[in-house]
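Dear colleague,

I am handing over the structure that we spoke about, and you will find the sequence and the coordinates just below. My notes on what was found in it follow after that.

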Amino acid sequence: MGFQALTWYCRPVANGVWARITDSTFGDYTPCGIDSLVVGISHLVLLGLCFYRIWLTKKGPKVRRYRMRSNNYSYLLGLLVGYCSAEPLFRLVMGISIFNLDGQTGLPPFEIFSLIIEALAWCSMLVMIGIETRIYIREFRWYIRFGVAYVLVGEAVMLNLILPMTDFYTRSVLYLYLITLAIQLLFGVSLLVYIPRLDPYPGYIPLWNESLDDMEYEALLGGEHICPERHANLFSRICFGWMTPLMQQGYKRPIIEKDVWKLDTWDQTETLIKKFAIC
């Protein structure tokens, strides 16, 4: 019974193209195994990560909420994710398979299941990006980036499987798959380098002490500048790119006290004197 269910789910073709061309030990079950165990699981992980970050944003009890100064980059990300969400739905509706190379009709069950998971994962990402245009949190954002990277690794495995089979594909199906993969890669790179500039969420003042101390957060609420080095990425720290806005301001006009950011607590004279006294 179990083997019959697996046969129905994978719908292998004995001595078909996949068994003849690929060197996989799965044989006729190669597309089913790779699509389910690699691509499907990676999208399930991304789906779970997105749902958790959405929950944190809306109901997380110990997160600090912000608002992005500009949503333009998020709109670009949303456009890319919108395509990634629509493509698996389009293939489901139109019955376009990237695994039927032996004249089969209709989508195999494993591909239907995988497309549904992909659509749900990218739709959850789209919802998350939409929420971030109104409320943004720093917590868990790198896990989302790693989830997208995991999906891209799974897609790379699938691409490695498909490339030797290009002679058996129609151009429309092959181009659709490659375009989708390119857009997913573009989205992954764009998301990885994206560190938005944030302002405190209007009317929101948390009652606990987190990454910023109370004095720094009150200064942020009052409009004072927090040192941008705190949230600069690795490249910006190495190249001192976080200094660029201040240097541009100094080029336009003399810098005044309001242009200079507030020092981090660890770098303030009072803190350093206390450490010096202890030493």
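**Helix packing: α4 and α7**

In the contact between the two helices, Y73, L77, L80, V81, Y83, C84, E87, F90 and R91 of α4 meet L176, I179, T180, I183, Q184, L186, F187, S190 and L191 of α7. Please keep in mind throughout that this is a predicted model. Helix α4 covers residues 72–94 and helix α7 covers residues 171–192, and the two pack with their axes 10 Å apart, at an angle of about 150 degrees. Since angles over 145 degrees count as roughly antiparallel, α4 and α7 are therefore roughly antiparallel to each other. As to handedness, the crossing in which α4 passes α7 is left-handed.

**Cysteines**

C84, which is listed above among the α4 residues that meet α7, counts as buried because its relative accessibility is 1%, where the cut-off for buried is under 20%. C123, by contrast, counts as partly exposed, because its relative accessibility is 31%. A disulfide is a covalent bond between the sulfur atoms of two cysteines. With the criterion that the sulfur atoms lie within 2.5 Å, the count of disulfides comes to zero.

**The sheet**

How are the strands ordered in the sheet? The sheet is open and is formed by three strands in the order β2-β1-β3, with antiparallel pairing. Its edge strands are β2 (136–137) and β3 (198–200), each of which pairs on one side only. Strand β1, residues 65–68, is joined to β3 by three bridges, and these two strands run antiparallel; within this pairing, Y66 has P200 in β3 as its bridge partner. Towards β2, strand β1 is joined by two bridges, again with the strands running antiparallel, and here the bridge partner of R65 is I137 in β2.

**The loop before α5**

One further residue that you may wish to look at is P108, which is found in the loop between α4 and α5, the latter covering 109–132. Is P108 buried or exposed? P108 counts as buried, because its relative accessibility is 2%. If its neighbours within four places in sequence are left aside, P108 is in contact with R11, S97 and N100. P108 and C32 are 76 residues apart in sequence, while their C-alpha atoms are 8.9 Å apart in space.

With best regards

Key:
Residues numbered from 1 in each chain as written. Predicted model: local features only at pLDDT ≥ 70, side-chain atom pairs only at ≥ 80, totals over all residues. Heavy atoms only, no water. Pairing = 2+ DSSP bridges. Helix = DSSP H or I, 4+ residues; strand = E, 2+ residues; numbered from the N terminus. Buried < 20%, exposed > 50% of the residue type's maximum accessible area, 1.4 Å probe, protein only. Axes fitted to C-alpha atoms, helices over the stretch in contact; angles between N-to-C directions. Parallel < 35°, antiparallel > 145°, perpendicular 65-115°, else oblique. Left-handed = near helix turned anticlockwise from the far one by under 90°. Contact = heavy atoms within 4.5 Å.
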